[in-house]
Amino acid sequence: MSIEIGPLPKHITEWFAINARDLPWRRTRDPYAIWISEIMLQQTQVKTVIPYWERWMRELPNIQSLAATDEQRVLKLWEGLGYYTRACNLQKAARLICENHSATFPNDFEQILELPGIGRYTAGAIASIAFNQPKPILDGNVVRVLTRQFAIEGDPKSPLIQQQLWDLSTRLVTSADCPSSLNQGLMELGATICTPRDPLCHSCPIQRSCAAFKTNQVTAFPQIPVRKKPRQRKFIAYILRSGDRFLVRKRSETVVNGNLWEFPNIEILRGQKTLPAFK
């Protein structure tokens with residue numbers, strides 16, 4: 001049975017027009033600025049990103065400056081945000097844009113998607129927000145809004161449910177008068193109203209049509225499986241000093257926090273009773 005979206009696009013865009021937070025990257029349609037914000041916002045809270053984004057835009061205000069600067073400067077500007085591969089991919093993409101698109105951020109969705117570090121969600125966000133193109137998005141906030149609104153059962157990361165959610169997101173954005181406002185409204189709803197815990201249903205502009213709200217099961221969606229407990233690992237770091245100089249080494253590009261500098265270290269394996277030799 002087909003899911004009816006009804007007047008949802010209208011209700012979401014009208015709500016967003018009045019309730020959107022005043023975020024610095026929302027004061028521009030510059031695709032470069034929006035791209036930087038979207039990458040920084042991946043797995044990072046808005047309040048944390050704001051000062052990083054503002055400093056980045058002062059130091060590297062355009063694609064050319066990002067492409068031309070030293071990698072260590074890029075990593076320094078990113079320091080504290082984590083997931084440093086994001087910063088490295090930004091610079092790789094900037095250099096490709098300079099080479100292939102005359103330093104102009106492409107407005108073609110497929111060309112955006114080809115850039116390093118950009119997946120389907122990020123490409124859709126940039127295309128819709130910067131260029132007002134009717135391209136769908138699907139991040140954690142949007143998944144939460146859609147699974148609750150339509151009471152979609154099952155693991156939202158499974159291929160079947162993922163496709164259903166992408167289809168719904170596509171129908172919503174293609175039915176909206178302003179794709180930019182629709183997509184930003186969906187994200188804003190998930191971030192400020194339709195939150196994981198203690199959602200503010202009384203303030204939700206689409207409460208009346210929310211299937212989960214009608215059955216008092218809002219917090220039952222999305223049906224995310226319980227995560228496995230993270231595996232603990234232990235390392236010993238060696239701090240070697242000669243006068244005012246310290247020995248550091250650069251991490252491999254292929255590992256977590258690749259290309260960053262660290263003190264030499266060795267992993268202690270479970271059950272190991274003697275310290276490994278330092279090489």
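**Pockets and a cavity in a predicted model**

User: How do the residues lining the second largest pocket divide into nonpolar, polar and charged?
Analyst: Happy to start there! Pockets are open sets of points on a 1 Å grid over the protein atoms alone, with protein on both sides within 12 Å along at least five of seven lines, and lining residues have an atom within 4 Å of a point. Ala, Val, Leu, Ile, Met, Phe, Trp, Tyr, Cys and Pro count as nonpolar, Asp, Glu, Lys and Arg as charged, the others, Gly among them, as polar. For the second largest pocket, the split is 2 nonpolar, 1 polar and 5 charged.

User: What kind of model is this, and how are residues numbered?
Analyst: The model is predicted, so local features need pLDDT of at least 70 and side-chain atom pairs pLDDT 80 or more, while totals for chains, interfaces and linings use all residues. Side-chain values use heavy atoms, without hydrogens and water, and residues are numbered along each chain as its sequence is written, from 1.

User: How much space lies in the second largest pocket?
Analyst: Its lining is made of Arg231, Gln232, Arg233, Lys234, Glu267, Ile268, Leu269 and Arg270. Taking volume as the space filled by probe spheres set on grid points joined across faces, edges and corners, the second largest pocket holds about 200 Å³.

User: Which residues lie nearest the centre of the largest pocket?
Analyst: The largest pocket has about 1,700 Å³ of space. Of its 44 lining residues, the ones nearest the centre are Gln43, Asp139, Gly140, Asn141 and Arg144.

User: Which element gives the largest share of the lining of the largest pocket?
Analyst: Helices here are DSSP runs (H or I, at least four residues), numbered from the N terminus. Two or more lining residues come from each of helix 2 (31–40), helix 8 (120–131), helix 9 (140–149) and helix 11 (179–192). The largest share is 6 residues, and it belongs to helix 11.

User: How many charged residues are in the lining of the largest pocket?
Analyst: This lining includes 17 nonpolar residues and 15 polar ones. The charged residues number 12.

User: How much space lies in the largest cavity?
Analyst: A cavity is a set of grid points where a 1.4 Å probe fits but cannot get out. The model has 1 cavity of 30 Å³ or more. The space in the largest cavity is about 130 Å³.

User: Which residues lie nearest the centre of the largest cavity?
Analyst: Its lining has 12 nonpolar, 2 polar and 1 charged residues, and helix 9 gives the largest share, 3 residues. Of the 15 lining residues, those nearest the centre are Arg148, Cys194, Cys201, Cys204 and Cys210.
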